[in-house]
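Let's work through a few exercises on charged side chains and their partners. Have the sequence and the 3D view open, and try each task before reading its solution.

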Amino acid sequence: MPEFTHINSKNEVHMVDITAKPDVNREAAAAGRIYLRPETLKAIREGTVIKGNVLATAQVAGTMAVKQTWAIIPMCHPIPVGAVTVSFEQKDDCIEASCRVKTYGKTGIEMEALTGVSVALLTIWDMVKSAEKDKNGQYPITRIEGIHVVEKIKGN
């Protein structure tokens, strides 16, 4: 059978062919942060946010997002997810989130880690948005920054 080749014009998209690649252990970690009002950070720490446990909800949301990355990023391959860890560190002015994901397969898992940390941070925002709005309904302090791949590991 001839090898599949395709020259991509600027008006086309396609999923990269990974069928010939060997399966190997892969791991990726991503991180980012959300800046919040001091009162909001205190409410999260004390467990008094109206919607409930902010970080537990964000942890579940991040994990669920990892498992659905292929469904929301068009050219992402559906790959088996072996492990997901979503964790948080509260700072004076923000919450730092991280997501580590493991797989055994033909392609990397960094998009899953980035999706997991992004959705975890968005979930935090959603859980506290009523406390973060000013009198005009704006978010003068709330922002998500620094989402990036911290580490990518590929090995046997």
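**Exercise 1.** Does E27 count as buried or exposed?

*Solution.* Keep in mind that this is a predicted model. The cut-off for buried is under 20% relative accessible area. E27 has a relative accessibility of 18%, so E27 counts as buried.

**Exercise 2.** Which residue forms a salt bridge with E27, and which parts of the chain does the pair tie together?

*Solution.* Start with the partner: E27 forms a salt bridge with R100, and their closest N and O atoms are 2.7 Å apart. Next, place both residues. E27 belongs to strand β1 (residues 24-35) and R100 to strand β3 (residues 94-105), so this salt bridge ties together parts that lie 73 residues apart in sequence. Now check how accessible the partner is: R100, at 28% relative accessibility, counts as partly exposed. Finally, look for further links: E27, R100 and E151 are joined into one network by salt bridges that share partners.

**Exercise 3.** Where in the chain do D126 and K51 lie, and how far apart are N and O in their salt bridge?

*Solution.* First, the distance: the side chains of D126 and K51 meet in a salt bridge with 3.3 Å from N to O. Then the location: D126 sits in helix α4 (residues 110-132), while K51 is in the loop between α1 (38-46) and α2 (54-67). The pair therefore links distant parts of the chain, 75 residues apart. As for accessibility, D126 is partly exposed at 32%, and K51 is partly exposed at 47%.

**Exercise 4.** What is the N to O distance in the salt bridge of E145 and R143?

*Solution.* Here the side chains of E145 and R143 meet with 2.7 Å from N to O. To complete the picture, read off the accessibility of each partner: E145 has a relative accessible area of 32% and is partly exposed. R143, at 35%, also counts as partly exposed.

**Exercise 5.** Why does R37 have no salt bridge with E39, its nearest side chain of opposite charge?

*Solution.* Begin with the position: R37 lies in the loop between β1 and α1. R37 is buried, and E39 is 4.4 Å away. A salt bridge needs the nitrogen and the carboxyl oxygen within 4 Å, so this pair does not qualify. What surrounds R37 instead? Leaving aside neighbours within four places in sequence, R37 is in contact with A131, E132, K133, D134, P140 and I141.

**Exercise 6.** How many salt bridges does a search of the whole structure find?

*Solution.* The search gives 9 salt bridges. Among them are E27 with R100, D126 with K51 and E145 with R143.

How values were computed
Residues numbered from 1 in each chain as written. Predicted model: local features only at pLDDT ≥ 70, side-chain atom pairs only at ≥ 80, totals over all residues. Heavy atoms only, no water. Helix = DSSP H or I, 4+ residues; strand = E, 2+ residues; numbered from the N terminus. Buried < 20%, exposed > 50% of the residue type's maximum accessible area, 1.4 Å probe, protein only. Lys, Arg positive; Asp, Glu negative; His and termini not counted. Contact = heavy atoms within 4.5 Å.
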